[in-house]
Amino acid sequence: MAELLGVAASLAAVAVLVTLALLVISIAVLAALAVLVVMTIWERRSRLRDSERR
């Protein structure tokens with residue numbers, strides 16, 4: 001019985017670690033997408049400014 005509890009505890013720990021890893025990966029992907037969107041908006045604004053100057 002104690003062995004089963006140990007196995008269950010280690011499985012739960014692995015599940016928590018995997019969940020945290022997926023959370024970190026998803027946050028990193030969302031941050032990368034946000035940076036991409038910000039850079040795209042920045043480029044469009046600078047292009048608009050350049051076209052207004054000319």
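**Exercise 1. A leucine in the helix**

Is L33 buried, partly exposed or exposed, and at what relative accessibility?

*Solution.* The model is a predicted one, and the first step is to place the residue: L33 lies in helix α1. The second step is to recall the cut-offs, by which buried means under 20% relative accessible area and exposed means over 50%, with partly exposed in between. The third step is to apply them: L33 has a relative accessibility of 44% and therefore counts as partly exposed. As a last step, the residue can be set in its surroundings, since L33 belongs to a nonpolar surface patch that also includes V14, V18, L22, I25, V29, L30 and L36, and the accessible area of the patch comes to about 760 Å² together.

**Exercise 2. The overall form**

Determine how the radius of gyration of the protein stands beside that of a compact globule of 54 residues, and describe the box and the surface that go with it.

*Solution.* Begin with the secondary structure, which consists of one helix and zero strands. A compact globule of 54 residues would have a radius of gyration near 10 Å, whereas the value for this protein is 23 Å. Next, take the principal axes, along which the C-alpha atoms fill a box of roughly 80 × 5 × 5 Å. A pair of residues in the chain gives a further distance: R47 and A8 are 39 residues apart along the chain, and their C-alpha atoms are separated by 58 Å. Finally, turn to the surface, where buried residues make up 0% of the 54 residues, and where the protein exposes about 5200 Å², of which carbon and sulfur atoms supply 74%.

**Exercise 3. Charges and a salt bridge**

Find how many salt bridges a search of the whole structure gives, and work out how the partners are placed in the helix.

*Solution.* Start with the charges: the protein has 6 positive and 4 negative ones, and the mean positions of these two sets are 16 Å apart. The search of the whole structure then finds one salt bridge, which E43 forms with R47, with 3.6 Å between the closest N and O atoms. This distance satisfies the criterion, because a salt bridge requires a side-chain nitrogen of Lys or Arg within 4 Å of a carboxyl oxygen of Asp or Glu. The placement follows from the numbering, since E43 and R47 are four residues apart in helix α1 (residues 2-53) and are therefore separated by about one helical turn. In the last step, consider accessibility: E43 counts as partly exposed at 43%, while R47, with a relative accessible area of 58%, is exposed.

Note on methods. Residues numbered from 1 in each chain as written. Predicted model: local features only at pLDDT ≥ 70, side-chain atom pairs only at ≥ 80, totals over all residues. Heavy atoms only, no water. Helix = DSSP H or I, 4+ residues; strand = E, 2+ residues; numbered from the N terminus. Rg over C-alpha atoms; globule rule 2.2 N^0.38 Å. Buried < 20%, exposed > 50% of the residue type's maximum accessible area, 1.4 Å probe, protein only. Areas by Shrake-Rupley, 256 points an atom, 1.4 Å probe, with all protein chains shown as cover. Lys, Arg positive; Asp, Glu negative; His and termini not counted. Charge placed at Lys NZ, Arg CZ, Asp CG, Glu CD. Patch = residues over 30% accessible without salt bridge, like charges linked within 9 Å, V, L, I, M, F, W, Y side chains within 5 Å.
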